[in-house]
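Me: I would like a close look at one part of this protein. Please take the salt bridges, and go through them pair by pair.

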Amino acid sequence: MKAFVFPGQGAQFTGMGKDLYDNNPKAKELFDKANEILGFEITKIMFEGTAEELKQTKVTQPAVFLHSVISAICLGDQFDAEMTAGHSLGEFSALVAAGALSFEDGLKLVSKRAMAMQKACEAAPSTMAAIIGLSDDVIEKACTEVSSEGNIVVPANYNCPGQLVISGNIDAVNAACEKMKEAGAKRALVLPVGGAFHSPLMQPAKDELQAAIEATEFQNPRIPVYQNVDAKAHTDAAEIKQNLIAQLTAPVKWTYEVKQMMNDGATDFVECGPGKALQGMILKIAKGIEGITISGIN
């Protein structure tokens, strides 16, 4: 079975989508429509902007979403997914590709999500850190030991075996990193991000996004969509909505999501969108399992 997977924030690069825009009339139409919906020329920043300009919250998330979704749409009949999933932001791309959300509504929600997350970041100084070389249970225990009322750190992204990202208040994340190093982590690296994504500190953004999601029409997808919050397949629009709302403050269970997809028959993973980050993660998750193919459409 073939699974299409979609990347999240951080996969962006200058020039992303330009080949599609120049060579595919359908892509050009969708990119131009995106400029109208967003109210600014995101294509100009995607195609010509600096890395710093692409890092703007209002740009990054819609840019990755657009590159991913338009790439999938332009595949036409070659988009032969039997299941789909996305990492964090990428879950919105997966839902559009699976027919649960329209292109227009997906873009509007992603834009709303980006703005709400930015506001939450500004309200509470916070950060994230990548922990390499420790088991999940050791990291989970360290986060619990370090956290206190008003100064929390939690597991945020279960990316692959030996790689987990933590998220929280700056002091708590720094303290957790020191504890991880003492426990034998190969690396405990604070990331250059503006906030504590997938942690309770995103509650204000969750509240804001919830209203937008509840006001948006979702359809039952054509194929199962595996969601971050529980790593399970979903085909019911109401369930999908609730999981998408919960996603902002819950950890991304990517390791378990990919394992569940393999348990359900996935043998061919195709990363659709900018970069190769998910391909690298899936290689580690599927290590030692024969018959798994991993490729990308950039």
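Reply: What follows is a walk through some of the salt bridges, with a short stop at one asparagine.

Keep in mind that the model is predicted. The count comes to 11 salt bridges. Here are some of them.

Start with helix 1, which covers residues 18-23. Lys-18 pairs with Asp-22 in a salt bridge. Their closest N and O atoms are 2.7 Å apart. Both residues sit in this helix, four residues apart. That spacing is about one turn of the helix. How open are the two partners? Lys-18 has 34% relative accessibility, so it counts as partly exposed. Asp-22 has a relative accessible area of 47%, so it is partly exposed.

Now go to helix 3, residues 42-48. Here Lys-44 forms a salt bridge with Glu-48. The closest N and O atoms are 3.2 Å apart. Lys-44 and Glu-48 are four residues apart within the helix, about one turn. Lys-44 is partly exposed, at 47% relative accessibility. Glu-48 reaches 54%. Exposed means over 50%, so Glu-48 counts as exposed.

The next pair is Glu-208 and Lys-119. These two form a salt bridge, with 3.2 Å between the closest N and O atoms. This pair links distant parts of the chain, because its residues are 89 apart. Glu-208 lies in helix 10, residues 203-214. Lys-119 lies in helix 7, residues 103-123. Glu-208 is partly exposed, with a relative accessible area of 24%. Lys-119 is partly exposed too, with 48%.

Some salt bridges share partners. In this way Lys-2, Asp-80 and Asp-268 are joined into one network.

Last, a stop at an asparagine. Asn-159 is found in strand 4, residues 153-160. Is Asn-159 buried or exposed? Its relative accessible area is 4%. Buried means under 20%, so Asn-159 is buried. The side chain of Asn-159 makes a polar contact with the side chain of His-87, at 2.8 Å. What else does Asn-159 touch, leaving aside its neighbours within four places in sequence? Besides His-87, Asn-159 is in contact with Val-165, Trp-254, Thr-255, Met-281 and Ile-285.

Conventions
Residues numbered from 1 in each chain as written. Predicted model: local features only at pLDDT ≥ 70, side-chain atom pairs only at ≥ 80, totals over all residues. Heavy atoms only, no water. Salt bridge = Lys/Arg side-chain N within 4 Å of Asp/Glu carboxyl O. Helix = DSSP H or I, 4+ residues; strand = E, 2+ residues; numbered from the N terminus. Buried < 20%, exposed > 50% of the residue type's maximum accessible area, 1.4 Å probe, protein only. Polar contact = N/O pair within 3.5 Å; in protein donor to acceptor, adjacent residues only side chain to side chain. Contact = heavy atoms within 4.5 Å.
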